[in-house]
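Student: I should like a close look at one helix of this model and at the residues around it. Could you then follow its contacts into the wider structure?

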Amino acid sequence: MKVEEIRVCVIRVGGTNCDAETKRAFDELGVKADINHLNEIVKKASLLDYNALVFPGGFSYGDYVRAGAILAKGTLTKLRHDLKMFVEEGRPILGICNGFQVLVEAGLLPAFEGISEYPEATLATNIPIGYNCRWTYLKHENSGRCLFTQKIPKGNVLRIPVAHAEGRFLFSKENEDRYLRKLYDNDQLVFRYCNKEGEYAEGEFPVNPNGAFHDIAGICDPTGTVFGLMPHPERAFYGWQLPDWTKTENMPTYGDGKLVFESMVEYLKSRF
Amino acid sequence: MSHYVKRDVPFELVEVNLQEADDKQLLQISRELGIALNLTEMKAVKNYFSRKKRNPTDVELQTIGQTWSEHCYHKTFKGNITTPEGEIKSLLKTYIAKATKELNPSWCVSVFEDNAGIIEFEENYTIAAKVETHNHPSAIEPFGGAATGTGGVIRDILGVWADPIACTDVLCFGPLDYDYSKLPPGTKHPKYVYRGVVAGIGHYGNNMGIPTVNGAIHFDESYVGNVVVYCGCIGILPKNKFVKDTKPGDIALLVGGETGRDGIHGVTFASAELTKESEEISRPAVQIANPIEEEKVKRAINKLRDEGLGSAITDIGGGGISCGTGEMADRSNCGIHVNLEKIPLKYQGLAPWEIYVSESQERMLLSVPEKNLQKTLEIFESENVKATPIGKFTDDGILRVDYLGQRVAELDIDFIFNPPKFKGTAEWNEPDLKEPTFPEPTDLTEEILQVISTPNIAGKESVIRTYDHEVKGNTVLKPLQSKYGGPNDAAVIKPLPDSWKGVVISCGMNPNYGKIDPYWMAASAIDEAIRNNIAVGGRRIALLDNFSWGNPQKPDRLGSLTRACQACYDFAKGFKTPFISGKDSLYNESPLGPVTPTLLITAIGIIPDIRKAVSMELKQPGNPIYLVGKTYPELGGSQYYQLKGFTGATVPKVRIEQAKETMNLITKAIDSGYIRSCHDLSDGGVAVASSEMAFSSGYGVELHLKKVPRTSEIRRNDFLLFSESNSRFLVEVPEKRREDFEALMNGSVCAEIGRVKKEGILSVYGLKEKNVVRADLTELRRRWKGVLGG
């Protein structure tokens, strides 16, 4: 399909707060993105009018209970069928920060055997504890499964900021080794926290900003069409968003975050 | 005999027998009802009801108490003040607003009138700005107090129909290592207050998705009993979307959260000194924050604005619905008829007066023409926000309040908005301070390391990282610069996707100088706020003032307040930077005494093209470094003196003509591309500014104090390093633009004093060309970050 035919749905509820800049990223690529309240989508039953779905960052419903949990259950209750269709048809679903938490809580990630009834992983309270807003380096780990990073060569290092209090990716202790192997076997690992040179953080703060297991910053599902990450690519879209652009003689026009959105649009163009 | 007669109605309503009360009893009633009115005011109330030939209800007295509180009416700033030099009629009109009035800039859209000041921005947009104080609640309940402070100031921005784009916070605490055994009963330890306040501010801003981009933290013993919390918010508003046109017949629509017992008497409590009983008595005065509710309210209000459905808006803050309804009616020369039973409650059992004065959070009041009501309600419903018509505006200038069919209040709006004038006496006696004498230390490297690790100068990264300063993706210049998190002088926000124009946000505050002279403290705060703005490329600057002072009924407090106000006029006028909004918090006193007079100046500038913004860290080894502006022997109130245990007397002054010239030249140099990095000189002088520029970049610096432009009285290296003279900048110029820069600066006070070095060392040569400082950047950075963490 042509770029201008692509329709992206950026979903929001009370407490979602990164919807505008997420939409802006698509606007910049010539893609039409609509910000829709979940209530609206449910009322109009219009989710399947869209080619892609994005859960942006924020504090959906105040993140009471657990981050992302209420929106995950709400979405499943109201849109389970449509979501299943989305995944089955390979329509991309992206979750950023709170959106990643939603996808994990909803069982859409890691979804080893398809959408799981209970969460198979969690995004726990940061270690060190507390909200943390900082720029991080991410190493691209994916061998080609993840459609959202197809424009990024494996092994490349990206710079994208995080801002969250609950981003420590974890598996339950008893499943840790097995699930990690699955991530590798299925090519589901996408981003790991590393330093500027690309050396893994090995859990060390602040290179790994939240204590995530195996320095995991983002994963996709086994089909590569569902992707969640804690860092905010929409905040690293333009050159002037970079933390040290004033250092450069000529400011770069774009930042690394753009590649995620571009890959997604590229996929939509060729797949549909 | 009791003065309270319960009315025979099926709910709690009390008639207060004012007519038979003598002076002593009037004051007793004021105290018992917790309305904090003085005798003159109580007598005015008594007279009013004598004329009406009846006694007031508790609802009426509470309404008057709220509306006439210092917090709501700013009695002191509007009052008559007797000074040895004559009488001042209104500090606000005589000084602060007067500067704006005389400057009369065409780009000021609304000043001192609405919930926030409004100035022009881009062709179709204006900027709204407001900074609030939330000291008293934060002293009692740090987390809730600070969170609702942020929530409140965001509602002020919503209250002029604007969309919030950034928040600021400036906080003053007691020393974090304060001796527990010295804490008076009922006073919380500074560390507890610090953690709670910081968490509260982050909680609200982060949850609402508004970046907290600028601020400061200051420590002083005088804040142990009374923390100072300033919360600011900046918003953007499409031109011609500002509506303030309530007409009789319009519906009064209450939107947002439900009303409960939290926040009863917040404003009257904020208008009195804190005591050891405050914790117990005033805990209910602190509100409970729910930022997600406000986030939804914001969405709905933005939609409403775009569709032009409302005729006016205001926030429900201090004084609750009693103040909000009255103010909206007063502003539009209407009356209003309120039905209290319509107001949605969190739980049952509130007396009518409690419903009317409760300051429960996340509520706004709108006036909506009846024909737009249905559509308006639909918008709120679509965001899951409660919206309830609670009354109607009338044309007779009377406030009527009913509850379950009974009239519980009927007051002339004109009466409640014309309280008796505050009368105060101001006197200011110059403190008896001397300049200290002590030998010049032999090891200046160690002095720098010590100054840089005083809590006031040390890095605040551990706090700033807990605030989302990137959300909305528009933060061009961040509070933490580059890899090492250098302290940028101002934040730059790019609020519009299709314009390169930016909003520049900075602040200035130095309570230490006020211990010597509040006039020069105010002048310095103005200079600092402006130069911080200028340093990154800001211009066309508007100012906001926030005063936190002690009890104004004490002549010395009022005297120093008056002096600070005089400076506000002189320097706002001098710099041609109008005040557009402000807020004061008085009665900041505890058993430990008053807070040191604390004036915060916030500066809002613009930058035509954000790509020209300049950050503070050094960029390129080999580049020359210039000091712009003159250094005077001004160490009074400096961090250096404080470290040595002195206050001193030589408070930094502002030489307005010289200051203006310096700032104009910096702007020209930035626009011409002659400046690669720029940092203002403030706390800790050249020593601290050069250290910060160096360790934030990883490049070293070599400085020669002999070349520093100065007055001949300075003959010591330590004074040159640590003098805090105003209106000075340290700038890095690209080697290839050296001649252009020097040509531009020709004739002004400016000298090349050093160079950027590849080696990570801060190296300073003294007046005798001897090396007097040699500090490793890693060590400097470690000491700077080591105090508060980061």
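**A helix and its surroundings**

Tutor: In helix H1 of chain A, which spans residues 19-28, the buried residues (under 20% relative accessible area with a 1.4 Å probe and protein chains only; exposed is over 50%, partly exposed in between) are Asp19(A), Glu21(A), Thr22(A), Arg24(A), Ala25(A) and Phe26(A). The model is predicted, so local features need pLDDT of at least 70 and side-chain atom pairs 80 or more, while totals for chains, interfaces and linings use all residues. Residues are numbered from 1 along each chain as written, chains are lettered from A and ligands numbered from 1 in the order written, and side-chain values use heavy atoms, without hydrogens or water. Helices (H or I, at least four residues) and strands (E, at least two) are DSSP runs numbered from the N terminus.

The cover over the buried residues of H1(A), counted by contact (heavy atoms within 4.5 Å), is drawn from both chains. From chain A it includes the strands E1 (7-12), E2 (32-37), E3 (52-55) and E4 (93-96), as well as helix H6 (258-271). Chain B contributes helix H12 (291-307) to this cover. After H1(A) comes Gly30(A), which has a positive phi, near 80°.

Which aromatic cluster includes Phe26(A)? This buried residue of H1(A) forms one cluster with Phe237(A), Tyr238(A), Trp240(A), Tyr254(A) and Phe261(A). Over all chains, the structure holds 37 aromatic pairs (rings of Phe, Tyr and Trp, its six-membered ring, with centres within 6.5 Å; planes under 30 degrees apart are stacked, over 60 edge-to-face, the rest tilted). One of these pairs joins Phe169(A) to Phe171(A) in an edge-to-face arrangement, with the centres 5.1 Å apart and 85° between the planes. Both Phe169(A) and Phe171(A) are buried.

Charged side chains make contacts of another kind. A search of the whole structure finds 72 salt bridges over all chains, each a side-chain nitrogen of Lys or Arg within 4 Å of a carboxyl oxygen of Asp or Glu. The following examples are from chain B.

Arg54(B) and Glu60(B) meet through their side chains in a salt bridge of 2.8 Å, N to O. Within this pair, Arg54(B) is partly exposed, at 28% relative accessible area, whereas Glu60(B) is buried, at 1%.

A further salt bridge joins Asp114(B) to Lys244(B), where the closest N and O atoms are 2.8 Å apart. This pair links distant parts of the chain, its two residues being 130 residues apart. Asp114(B) sits in the loop between strands E5 (108-110) and E6 (117-122) of chain B, and Lys244(B) in the loop between strands E10 (228-238) and E11 (251-256) of chain B. Asp114(B) is buried, with a relative accessible area of 12%, while Lys244(B), at 34%, counts as partly exposed.

Glu470(B) and Lys478(B) also meet in a salt bridge, 2.9 Å from N to O. Are these two residues buried or exposed? Both Glu470(B) and Lys478(B) are buried. Elsewhere, salt bridges that share partners join five residues into one network, namely Asp396(B), Arg400(B), Asp402(B), Arg407(B) and Glu410(B).

To return to the helix with which you began, the buried residues of H1(A) include both Glu21(A) and Phe26(A), and what covers the buried residues includes helix H12 of chain B.
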